[in-house]
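Reader: I would like a close look at a single part of this model, followed outward to its wider surroundings. Please take it step by step and keep the parts connected.

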Amino acid sequence: MKKYISQATVDRLPLYFRTLQLAEEEGQMIISSEELGRQLDFTPEQVRKDLTSFGQFGRKGIGYIVAELKNHIGKILGLESKRRLAIVGVGHLGAALANYENFDSLGFETVAIFDVDERSVGYEINNIKIYDFKKMDSVVKHKRIDIGVIAVPEVHAQDAADALVEAGIKGIWNFAPVKLSVPESVELVNEDLTIGLSTLGYRLTQKEL
């Protein structure tokens, strides 16, 4: 029986990974739960609780070995398996995602962009070729693409999702502010930018009261 891990704990794992990655790049060998917590604004107790959900990694009186813990978290997140991405939509958001350089360091490679505008087809963004939306099925299969990133207007999002599912995509990262319908076999993560911005607006408003 699988052990239940809260979504909040899972959501914090990439933050631990990124912090450990930076520490390793700076030559740091050991890190404590106190230091990890301080950098991420978590309590040391929260750090230890999160990490022990996946096993015993720390050494009492020493702390965590940076490289060892980073590799463990990378395996938990599946970052050791290179995942291939395709972006649907060549607008401002799609172009920004195509130009984002840090996907590769996390084990994700963007290998294709799809768009319905024939004038864009054949061009490249950050050395990533733009393909005709109608060719999605063959391109996804040929390039063995795992994840589709939806960066199209809300009205076209479900059509994009349907095409990705039909092409055999295993997961969808959706930036359109709409609830998508996908089979249970396809993992779906929604990235609603309006929520983060609204939360920031709320906090600023509360400070001004």
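Author: Asn-126 sits in the loop between strand 5 (124–125) and strand 6 (128–132), and Asn-127 has its place in that loop between strand 5 and strand 6 as well. In this predicted model, phi of Asn-126 is near 55 degrees, a positive value in a residue other than glycine, while Asn-127, which is not a glycine either, has a positive phi of about 70 degrees. Such values deserve a remark, because most residues other than glycine have a negative phi. As for accessibility, Asn-126 has a relative accessible area of 30% and is therefore partly exposed, whereas Asn-127 reaches 69%, so that it counts as exposed, the cut-off being over 50%.

From this loop one may turn to the parallel strands. Strand 3 (residues 83–88) runs parallel to strand 4 (residues 108–115), and six bridges join the two; within this pairing, Leu-85 has Thr-110 of strand 4 as its bridge partner. Strand 3 is also joined by four bridges to strand 7 (residues 147–150), again in parallel, and here Ile-87 stands opposite Val-149. The connection between strand 3 and strand 4 involves helix 5 (residues 92–98), and these three elements make a β-α-β unit that is right-handed.

Strand 3 leads on to the largest pocket, whose volume is about 1,700 Å³. Its lining comprises 35 residues, and those closest to the centre are Pro-14, Leu-77, Phe-108, Trp-173 and Val-189. Two or more lining residues come from each of helix 1 (7–25), strand 3, strand 8 (171–174) and strand 9 (187–190), with helix 1 giving the largest share, ten residues. By residue class, the lining of the largest pocket divides into 21 nonpolar, seven polar and seven charged residues.

Strand 4, in turn, leads to the second largest pocket, since this strand and helix 7 (154–167) each supply at least two residues of its lining. This second largest pocket holds about 260 Å³ of space and is lined by 14 residues, among which Asp-115, Val-116, Val-152, Pro-153 and His-156 lie nearest its centre. Helix 7 gives the most to this lining, with three residues, and the lining of the second largest pocket divides into nine nonpolar, three polar and two charged residues.

Methods
Residues are numbered from 1 along each chain as its sequence is written. This is a predicted model: local features need pLDDT of at least 70, side-chain atom pairs count only at pLDDT 80 or more; totals for chains, interfaces and linings use all residues. Side-chain values use heavy atoms; hydrogens and water are left out. Two strands pair if DSSP finds at least two bridges between them. A crossover is right-handed if, with the strands pointing away from the viewer, the path from the first strand over the helix to the second runs clockwise. On a 1 Å grid over the protein atoms alone, a cavity is a set of points where a 1.4 Å probe fits but cannot get out, and a pocket is an open set with protein on both sides within 12 Å along at least five of seven lines; lining residues have an atom within 4 Å of a point. Grid points are joined across faces, edges and corners, and a volume is the space filled by probe spheres set on the points. Ala, Val, Leu, Ile, Met, Phe, Trp, Tyr, Cys and Pro count as nonpolar, Asp, Glu, Lys and Arg as charged, and the others, Gly among them, as polar. Buried means under 20% relative accessible area, exposed over 50%, partly exposed in between (1.4 Å probe, protein chains only).
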